[in-house]
Amino acid sequence: MLQTTSLTKAFATGTTLHFPDWNVRAGEQWLLLGESGCGKTTLLHMLAGLLKPARGNVVVNATDLYALPPRELDRFRGQHIGIVFQQPHLIRSMTVEENLVLAQSFTGAGKDVSRIREVLGALDMGHKRRSYPHELSQGQAQRVGIARAIVHKPAVLLADEPTSSLDNRNADAVIRLLSELAASTGSTLVISTHDDRVKDAFFKDFMFELSHERISDQLEKS
Amino acid sequence: MNAFQISWKNLKSNPLTLALNLLLIAFGTGMLAMLLLGMDQIGGRLRENASGIDLVAGAKGSPLQLVLSSVYFIDFPTGNITEADARLLAANPMVKKAVPLALGDNYAGFRIVGADTGYASLHGLELASGRFWMRDFEIVIGAEVAREENLKTGDRIYGSHGLSSEEDLHADHPYIVTGILKKQKKVADHLVLTSLESIWAMHGAMEKHEITSMLLQYRTRMAMVALPAMINRSTAMQAASPARESARLFALLGVGVETVRWFAVALMLLSGVSVFVSLYNSLRERVYDLAIMRVMGASRGIVLAMILLEGALLTTFGSLAGILLGHGALQCIGYWQGSPQARLDGLAFMPEEGWLLLAGVLIGLVAALLPAVQAYRIDISQTMSKS
């Protein structure tokens with residue numbers, strides 16, 4: 001489902017960062033671990049088709065992402081990949097429901113209100129359907145962010161530090177919901193985190209740890 | 001959800017900026033629309049009312065004043081000419097048609113015009129009811145006179161001396177309404193027509209007949225040059241051409257109109273700058289919105305188009321509002337304006353207004369260009385990792 005081979009990121013300073021190869025099978029749920037600044041976000045963005053690597057390739061669902069022309073890549077990302085960011089960055093001029101309709105329309109699948117109700121219901125956010133983002137709490141907004149990432153049933157669901165701005169109770173709920181929703185739609189899940197709460201709460205077996213020493217060694221050479 | 005809805009929702013989320021931009025554009029476009037329509041209508045009305053009248057002969061003085069008073073019934077007459085002089089001129093072989101006019105009285109502000117039936121054929125006047133005058137003191141009134149004063153055939157009215165006041169009443173002789181003209185949206189709607197004899201009888205001038213002016217039609221092309229020269233040189237009268245005098249009037253008005261026009265153009269350009277600044281500033285906050293849309297599958301092109309659309313939407317709505325505003329203003333001016341001779345009509349539309357709308361759309365597109373290119377260039381990965 002998700003494969004990386006000899007991924008390399010080049011920095012403006014001239015140094016390069018090499019990532020170990022990674023193979024994730026369909027439906028698996030992984031934690032991507034490592035201290036902050038060790039390249040987790042970079043790797044996740046590469047997996048999501050947001051950041052072109054200097055070398056190497058990313059294969060998602062049997063498609064080599066960076067071999068696609070830019071417009072095709074945008075479309076592929078919209079259809080097959082869902083991403084949860086540290087901050088949900090909901091569109092402020094739209095209600096919760098409209099934010100999800102927007103996500104659906106960019107995937108090209110068209111509006112499906114019953115799916116939106118279903119996802120919001122699963123996240124216990126059904127009553128906030130008509131609220132605007134500024135009317136939501138941090139935890140609620142993050143749940144809408146998750147709903148937006150999963151509403152089109154992506155093949156791959158990526159989450160970048162989804163709990164870092166949340167309190168214990170919300171962090172716990174978010175991890176549980178991500179895991180449950182991914183399982184219910186059959187999505188492959190990768191959560192990047194340096195949050196111990198996540199590591200403890202996450203009972204799945206797969207962990208992919210970016211070596212702290214190795215990457216900082218590489219960076220220090222610059 | 002399409003790009004139009006997304007842009008519209010974003011515009012709506014900032015109502016003050018939206019209102020400011022709409023107002024700016026609407027005022028600029030509105031002024032231009034008003035000028036365009038107003039000048040066209042005034043010119044059109046002046047031409048319509050002077051149609052068939054090649055030359056006006058009257059007492060010496062300002063030719064513009066002579067035309068204004070005898071053709072459009074706006075200004076005061078330049079003085080009187082003798083009937084004998086007028087008859088002599090009318091008999092000139094270069095003259096095809098001559099209509100004498102005698103002004104000087106009014107009824108409730110409507111001018112009483114002594115003429116012969118040639119005036120009716122010159123303007124193609126038709127009766128809505130009654131008949132034309134046959135005896136002294138019989139009058140035919142314009143449609144607006146009948147409507148505003150609530151007159152019907154058989155009614156008696158008293159004229160008063162002068163062109164506007166109702167003080168110096170001719171109380172000894174009433175006029176009798178024998179006919180009412182069909183409405184034709186020309187000066188005749190606001191006139192009280194009668195025979196020259198009635199005017200003379202009313203003023204007790206049965207011996208010394210004087211008239212105010214004479215409307216002339218040329219028989220030949222050559223008369224265009226020869227007749228005015230002859231009148232001005234060898235008679236006590238002057239000749240004035242309505243076409244030339246209205247052109248002169250327009251040239252006089254032109255300076256003011258031009259000033260207002262440039263002001264309106266400046267206002268429209270200013271609104272373009274305002275749209276640019278609003279879009280440019282909002283981009284700083286919206287960069288996440290746009291990056292998120294890219295993450296969700298929107299291509300660079302869609303993001304670019306969305307910002308362009310937003311600029312174009314703003315100015316299109318603004319221009320539309322402006323054009324409506326211009327029409328509304330014109331209608332209001334037409335409603336309250338004092339001179340019915342060139343009544344302005346806010347319900348008339350011109351194809352040239354399409355250009356105004358197009359100019360509005362273009363201003364929006366140009367103003368949105370730079371912000372749109374910036375949106376196009378957003379690096380998703382960089383934007384999303386600096387939160």
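Let's start with helix 6 (residues 168–185) of chain A, which lies across strand 4, strand 7, strand 8 and strand 9 (188–193) of chain A. Its direction makes an angle of about 160° with strand 9 of chain A. Please keep in mind throughout that this is a predicted model.

**The sheet in chain A**

The strands under helix 6 of chain A belong to an open sheet of 5 strands, and their order is 7-8-9-4-10. The pairing in this sheet is parallel. At its edges you will find strand 7 (81–84) and strand 10 (206–209) of chain A, each of which pairs on one side only. From one strand to the next, the twist averages 20°. As a general reminder, strands of a sheet pair through backbone hydrogen bonds, in either a parallel or an antiparallel way.

If you would like to follow one pairing by eye, try strand 4 (residues 29–33) and strand 10 of chain A, which run parallel to each other and share 4 bridges. A handy residue to look for is A:W30, whose bridge partner in strand 10 of chain A is A:F206.

A further helix also meets this sheet. Helix 2 (residues 70–80) of chain A lies across strand 7 and strand 8 (156–160) of chain A. With strand 7 of chain A, helix 2 makes an angle of about 75°.

**Two lysines with positive phi**

Most residues other than glycine have a negative phi. Against that background, two lysines are worth a look, and the table gives their backbone angle and place.

| Residue | Phi | Place |
|---|---|---|
| A:K153 | about 50° | loop between helix 5 (138–150) and strand 8 of chain A |
| B:K185 | near 55° | loop between strand 9 (175–181) and strand 10 (191–195) of chain B |

How exposed is each of them? A:K153 has a relative accessible area of 49%, so it counts as partly exposed, since the exposed class begins over 50%. B:K185 has 59% relative accessibility and therefore counts as exposed.

**A nonpolar patch on chain B**

Finally, turn to the surface of chain B. Which residues form a nonpolar patch there? They are B:W355, B:L358, B:L362 and B:L365, and together they have about 420 Å² of accessible area. B:L365 sits in helix 11 (residues 353–376) of chain B. With a relative accessibility of 32%, B:L365 counts as partly exposed, because that class covers values between 20% and 50%.

Methods:
Residues numbered from 1 in each chain as written. Chains lettered and ligands numbered in written order. Predicted model: local features only at pLDDT ≥ 70, side-chain atom pairs only at ≥ 80, totals over all residues. Heavy atoms only, no water. Pairing = 2+ DSSP bridges. Helix = DSSP H or I, 4+ residues; strand = E, 2+ residues; numbered from the N terminus. Axes fitted to C-alpha atoms, helices over the stretch in contact; angles between N-to-C directions. Contact = heavy atoms within 4.5 Å. Patch = residues over 30% accessible without salt bridge, like charges linked within 9 Å, V, L, I, M, F, W, Y side chains within 5 Å. Areas by Shrake-Rupley, 256 points an atom, 1.4 Å probe, with all protein chains shown as cover. Salt bridge = Lys/Arg side-chain N within 4 Å of Asp/Glu carboxyl O. Buried < 20%, exposed > 50% of the residue type's maximum accessible area, 1.4 Å probe, protein only.
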